[in-house]
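Work through the following exercises with the sequence and the coordinates side by side. Each task is followed by a solution that goes step by step.

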Amino acid sequence: MKRQVAIVRFSGRAAFGGLAVRRQMFDRAFRCAVRRIALSTLLLVTSIALLGSPTAPLAGEPEMGDTMPGHGAEMGAAAPFARMMETAMSVMDDGMRRAPMTGDPDHDFAAMMIPHHQGAIDMAKAELLYGRNPVLRRLAQEIIVTQNSEITVMQGELQKQGGSPPR
């Protein structure tokens, strides 16, 4: 025997097979789904805008020797990825070392985290260019979007404190 599920609306509630659920819950779930779709679209568009074609070289990518352990010529196709990761780590380390420290925990935290976040963004771009795992590529897209917005927040807070944000 087939069970029929009837939707009955009364006083702002909907009943599904005997379960009464507030209509606001449905509205909230719908808004969340729309936000997720919008965020996914934004991540995709941002990735394409930031990276362009996966086969195109990144503008300004420095040519440097491969000094990461285990990433020599024997790595073949992985060498460009290893160079990008090494560059990202070097730039991040240098930026964190150069961050102006004042003794104020809030200032020093933001000053150190800005280059740290930029390093994560640069590494995420390398994953999008060379990675194939869809879960990690999605994570890389999210890292680019969220950490860019966090950098903007930290730069704003540093400016409010009168300090110049690191680049």
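**Exercise 1.** Which helix is included in what covers the buried residues of H2?

Solution. The model is a predicted one, in which local features need pLDDT of at least 70 and side-chain atom pairs count only at pLDDT 80 or more, while totals for chains, interfaces and linings use all residues. Residues are numbered from 1 along each chain as its sequence is written, and side-chain values use heavy atoms, with hydrogens and water left out.

Step 1: locate the helix, taking helices (H or I, at least four residues) and strands (E, at least two) as DSSP runs numbered from the N terminus. H2 covers residues 78-98, and its 21 residues reach 30 Å from the first C-alpha to the last, close to the 30 Å expected at 1.5 Å a residue; the expected span is 1.5 Å times one less than the number of residues.

Step 2: list its buried residues, where buried means under 20% relative accessible area, exposed over 50% and partly exposed in between (1.4 Å probe, protein chains only). In H2 they are Ala 79, Ala 82, Met 84, Met 85, Glu 86, Thr 87, Ala 88, Met 92 and Gly 95.

Step 3: look for their cover, with contact meaning heavy atoms within 4.5 Å. The cover includes helix H3 (105-130).

**Exercise 2.** Describe the aromatic pair of the structure and the exposure of its two members.

Solution. Step 1: rings of Phe, Tyr and Trp (its six-membered ring) pair if their centres lie within 6.5 Å, with planes under 30 degrees apart counted as stacked, over 60 as edge-to-face and the rest as tilted. The structure holds one such pair. Phe 81 and Tyr 130 form it, with 6.3 Å from centre to centre and 75° between the planes, which makes the pair edge-to-face.

Step 2: the pair links distant parts of the chain, since Phe 81 lies in helix H2 and Tyr 130 in helix H3, 49 residues apart.

Step 3: Phe 81 counts as partly exposed because its relative accessibility is 26%, and Tyr 130 is likewise partly exposed, with a relative accessible area of 34%.

**Exercise 3.** Which residues make up the largest nonpolar core, and which helix gives the most to this core?

Solution. Step 1: a nonpolar core is a set of buried Ala, Val, Leu, Ile, Met, Phe, Trp, Tyr and Cys residues joined through side-chain atoms within 4.5 Å. The largest has eleven residues, namely Ala 110, Met 113, Ile 114, Ile 121, Ala 124, Leu 128, Ala 140, Ile 144, Ile 151, Met 154 and Leu 158.

Step 2: H3 and H4 each supply at least two residues of this core, and H3 gives the most, with six residues.

Step 3: follow one member. Ala 140 touches Ala 124, Glu 127 and Leu 128, not counting residues up to four places away in sequence.

**Exercise 4.** Examine helix H4, its length and what borders the helix.

Solution. Step 1: the 27 residues of H4 (residues 134-160) should span 39 Å at 1.5 Å a residue, and the end C-alpha atoms are 39 Å apart, which agrees.

Step 2: at the start of H4, a side-chain oxygen of Asn 133 reaches to within 2.8 Å of the backbone nitrogen of Val 135. H4 is followed by Gly 162, whose phi is positive, near 90°.

Step 3: within H4 lies Glu 150, which counts as partly exposed at 35% relative accessibility. The C-alpha atoms of Glu 150 and His 117 are separated by 8.0 Å, although these residues are 33 apart along the chain.

Notes: Polar contact = N/O pair within 3.5 Å; in protein donor to acceptor, adjacent residues only side chain to side chain.
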